[in-house]
Amino acid sequence: MTARTATASAAVPRRRLLGYGVGSVGTGVFSAVPGLLLLYYLTDVLGVSAAVAGAVLVVPKAWDVVLNPVVGAASDREAVRTGHRTRLLLVGGAALPLLFAAMFAVPVDSPGFGAGWAAVAFLLAASAFACFQVPYVALPAEISDLPSERGRAMAWRVVCLTLGILVAGGLAPALSDSAGGGRGGYALMGAVIGAVMGAALVTSALANRWIPSTPGPRPLGLVAALRAARGNRPFFALLGGCAAHTLAVAIMLAGAPYVATYRLDDYGLTSAMFVCMVGPSAVAVPLWRKMSVRYGIVPCYGTALVMFAATGFASYPAISAGSRPGVLLLAALTGVCYAAVQLFPLSLLPETVHADKGRTGQAQAGAFTGLWTAAETGALALGPGVFALVLSVSSFRSSDLDEPVRQTGSALTGLTVGFSIVPALLFLLAVPFLLAYRRLAAAHRTTEEAQPHAV
């Protein structure tokens, strides 16, 4: 038995699972904070129009949709040459905190300059994030040959991801608010949260050097890698569902400060809403995992999507009535569902990549995770853009802290619909994709059993 086989077939120690999972504290921060605060920072601190602010958030992430598959192919080539994916992880982990801080450190009080500054900084930050996120998501498929150990790794990752999102989403608005809530407050927030993010990312990159990466006998170029991935139909069905519910979550994150400010009359409730939404996730992850062992991942995943949609529909009357207890209670229920929609697609992804090796002879995890993170990043970026579009269509008026404005009834209705009904419909849209995944995965297993010697 080789050292690689012995390592891959043994139980992964908890310290190594923690070393892997801690990276998600950093990725959770970057996934949550720009989606939660950047749109509001642009429209209600810098005075940028909702339409322009939406473009600022969407365009840099649209670039990532192109970049992530390129990074995935580069990560696979590095893995073939060196047996590891460490270099890209370190590049992304070191650069991202500085660029994140720059996003919220606009030096001039000018809406036009602020929009341009934030757009460039966000573009560069999104590129650095891709350098870390793409190889990081590829690691679970290589962390062990045992599905149970890969499942443990994903559970640790989701718990750490939830912790990162919880700390960032709860701390970031409070930090900016504590320093006055203006440009200075957001600059302080960017620096502090960026430092937390950097510590988590670099620590994880160094801790994961033990994971042996063996994508295949030869490095594939981008086109060849994508061509190899194209035939994995279960993967693309799973990806479609994940993109739909990620878009829904991104819209809710972007809308939270507006609901807190204009419907509940207290911007400070943004942190409370976020904590109520994400806090239960850490507790819910092990419960969902136990249920999935008993009932299966796909049924539990589908149940969570329907529950998420139901809470979205129920949020509309609670927000319209200005019921703080009702909104916070529904936010807590969404947190339980959020744990499932984070855990289950990430649990199915390594298995989908592993199963594809028999078809192609190449375990090109980077190619798949490049596509996965491209779709995920695009959905996270599109969420604030969709919410900004809803604001623009409903006649929302931008302002700054010195000259606040009173919103019209149509603007209030628009932001309420954008936060509740639109995401609920997207959660329901994810269900057919999940059913298609179950059907295609079953067909794939049947084909493998019928052709046991296929390579």
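Ser420 occupies the loop between α15 (409-419) and α16 (421-450) in what is a predicted model. Its relative accessibility is 1%, and because the limit for a buried residue is under 20%, Ser420 counts as buried. A polar atom of the Ser420 side chain lies 2.7 Å from the backbone oxygen of Thr416. When neighbours within four places in sequence are set aside, Ser420 is in contact with Gly312, Ser315 and Tyr316.

The surroundings of this loop may be set against the chain as a whole. The protein chain contains 16 helices and zero strands. Of its 455 residues, 56% are buried. Among contacts in the protein chain with a separation of 6 or more, 85% join residues 24 or more positions apart.

Thr377 offers an example of positions distant in sequence. This residue belongs to helix α14 (residues 365-393). With a relative accessible area of 3%, Thr377 is buried, since that value falls under the 20% limit. Thr377 and Phe129 are separated by 248 residues in sequence, yet their C-alpha atoms are 9.7 Å apart in space.

Helix α5 may be followed in greater detail. It comprises 18 residues, 86-103. At 1.5 Å a residue, helix α5 should span 26 Å, and the distance between its end C-alpha atoms is 26 Å, so the expected and modelled values agree. The expected span is obtained by multiplying 1.5 Å by one less than the number of residues. Helix α5 nevertheless has a kink of about 30 degrees at Leu96, shortly before the proline Pro97.

Both Leu96 and Pro97 are among the buried residues of α5, which also include Thr86, Leu88, Leu89, Gly92, Gly93, Phe100, Ala101 and Met103. An α-helix has 3.6 residues a turn, so residues three or four places apart point the same way. Buried positions in α5 such as Leu89, Gly93, Leu96 and Phe100 may be viewed with that in mind.

A partner of this helix is α8 (residues 183-207), whose axis comes within 8 Å of that of α5 and crosses it at roughly 175 degrees. Because angles over 145 degrees count as roughly antiparallel, α5 is roughly antiparallel to α8. On the α5 side, the contact is made by Thr86, Leu89, Leu90, Gly93, Ala94, Leu96, Pro97, Phe100 and Ala101. On the α8 side, the residues making the contact include Gly190, Ala191, Ile193, Gly194, Met197, Gly198 and Leu201. Leu96, the site of the kink, thus takes part in the contact with α8.

Methods: Residues are numbered from 1 along each chain as its sequence is written. This is a predicted model: local features need pLDDT of at least 70, side-chain atom pairs count only at pLDDT 80 or more; totals for chains, interfaces and linings use all residues. Side-chain values use heavy atoms; hydrogens and water are left out. Helices (H or I, at least four residues) and strands (E, at least two) are DSSP runs, numbered from the N terminus. The bend at a residue is the angle between axes fitted to the seven residues ending there and the seven starting there. Buried means under 20% relative accessible area, exposed over 50%, partly exposed in between (1.4 Å probe, protein chains only). A polar contact is a pair of N or O atoms within 3.5 Å; within protein, one must be able to donate a hydrogen and the other to accept it, and residues adjacent in sequence count only if both atoms are side-chain atoms. Contact means heavy atoms within 4.5 Å. Axes are lines fitted to C-alpha atoms, for helices over the stretch in contact, and angles run from 0 to 180 degrees between N-to-C directions. Angles under 35 degrees count as roughly parallel, over 145 as roughly antiparallel, 65 to 115 as roughly perpendicular and the rest as oblique.
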